[in-house]
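Here are my notes from going through the structure. Have it open alongside, since the points follow the elements around the fold.

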Amino acid sequence: MDLDLLAGFLKRANKNTYASETAEKVKSSRLESRDYEYLESNLLYHDTYFGGTNFMGEEIVYENGKPAWGMNYHGSTLDPAITEAEIDKSLRGALKQDYDDIIPVRGPRIYKVDNFEYRNNLSGDLSKFEGKEEITKDGKLIYSALFHGGLIK
């Protein structure tokens, strides 16, 4: 799979699925999952996740109907007083940004909105990577997620 083509596709898929407040979910692929899909030419992106303030999920990109790339992620809200809506304000905002400072998995290196700050620290490239994203509110860590993935052969 061409990594430049994949990078552009992932940017568009992120903006048109979870990051978009108006994106419609598709039929659940597993019990209690929430799912999104984005189709463009011969590429299909499928994101499935479980939970809200503590969640686990997986993204898969199919090329010509075969799994070609994937990512697993798990995140937790660390402050029980923080709502899913508060996390979403920063997380969805980060995921729909235009950025070129790192590979297009999750969000940019840094994104700020109001008193929230999103940070993405990762290593690798789209063929094999791992990372951690965090959100702080007024400088206090309130959310953390780990993710990893790469090409599927």
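1. Start with the S3/S4 pairing. In this predicted model, strand S3 (residues 54–63) runs antiparallel to strand S4 (residues 66–77), and 10 bridges join them. If you want a register check, Tyr62 has Pro67 in S4 as its bridge partner. The hairpin leaves two residues between the strands, and Asn64 takes a positive phi near 55° there.

2. S4 also pairs with strand S8 (residues 140–151). That pairing is antiparallel too, with nine bridges between S4 and S8. Look for Tyr73, which stands opposite Phe147 in S8.

3. On to helix H1, residues 3–15. H1 has 13 residues and spans 18 Å from its first C-alpha to its last, close to the 18 Å expected at 1.5 Å a residue. Where H1 starts, the backbone nitrogen of Asp4 has a side-chain oxygen of Asp2 within 3.1 Å.

4. Which residues of H1 are buried? They are Leu6, Ala7, Gly8, Phe9, Leu10, Ala13 and Asn14. When you read that list, keep in mind that in an α-helix residues three or four places apart point the same way, because there are 3.6 residues a turn. The cover over the buried part of H1 includes strands S1 (34–40), S2 (43–51), S3, S4 and S8, along with helix H2 (84–95).

5. The loop between H1 and S1 deserves a look, and Tyr18 is one residue to pick out there. Tyr18 counts as buried because its relative accessibility is 13%, under the 20% cut-off. Leaving aside neighbours within four places in sequence, Tyr18 is in contact with Tyr36, Asp47, Tyr49, Asp88, Leu91, Arg92 and Leu95. Its C-alpha is 8.9 Å from that of Asp35, which is 17 residues away in sequence.

6. Ser33 is in the loop between H1 and S1 as well. With a relative accessible area of 9%, Ser33 is buried. Its side chain reaches the backbone oxygen of Arg30 at 3.0 Å. Not counting residues up to four places away in sequence, Ser33 touches Ser28, Thr48, Tyr49 and Phe50.

7. Now the charges: the structure holds 13 salt bridges. One of them joins Glu40 and Arg12, with the closest N and O atoms 2.6 Å apart. Glu40 lies in strand S1 and Arg12 in helix H1, so this pair ties together parts that are 28 residues apart in sequence. Both ends are partly exposed: Glu40 has a relative accessible area of 23%, and Arg12 is at 35%.

8. Asp98 and Lys15 form another salt bridge, and here the closest N and O atoms are 2.1 Å apart. Asp98 is in the loop between H2 and strand S5 (110–113) while Lys15 is in helix H1, so the pair links parts that are 83 residues apart in sequence. Asp98 is exposed at 67% relative accessible area, whereas Lys15 counts as partly exposed at 29%.

9. Is the salt bridge between Arg106 and Glu133 buried or exposed at its two ends? Arg106 and Glu133 are both buried. The closest N and O atoms of the pair are 2.8 Å apart. Arg106 sits in the loop between H2 and S5 and Glu133 in strand S7 (residues 128–137), so the pair ties together parts that are 27 residues apart in sequence.

10. One last item on charges: Lys112, Glu117 and Arg119 are linked in a salt-bridge network.

Note on methods. Residues are numbered from 1 along each chain as its sequence is written. This is a predicted model: local features need pLDDT of at least 70, side-chain atom pairs count only at pLDDT 80 or more; totals for chains, interfaces and linings use all residues. Side-chain values use heavy atoms; hydrogens and water are left out. Two strands pair if DSSP finds at least two bridges between them. Helices (H or I, at least four residues) and strands (E, at least two) are DSSP runs, numbered from the N terminus. The expected span of a helix is 1.5 Å times one less than its number of residues. Buried means under 20% relative accessible area, exposed over 50%, partly exposed in between (1.4 Å probe, protein chains only). Contact means heavy atoms within 4.5 Å. A polar contact is a pair of N or O atoms within 3.5 Å; within protein, one must be able to donate a hydrogen and the other to accept it, and residues adjacent in sequence count only if both atoms are side-chain atoms. A salt bridge is a side-chain nitrogen of Lys or Arg within 4 Å of a carboxyl oxygen of Asp or Glu.
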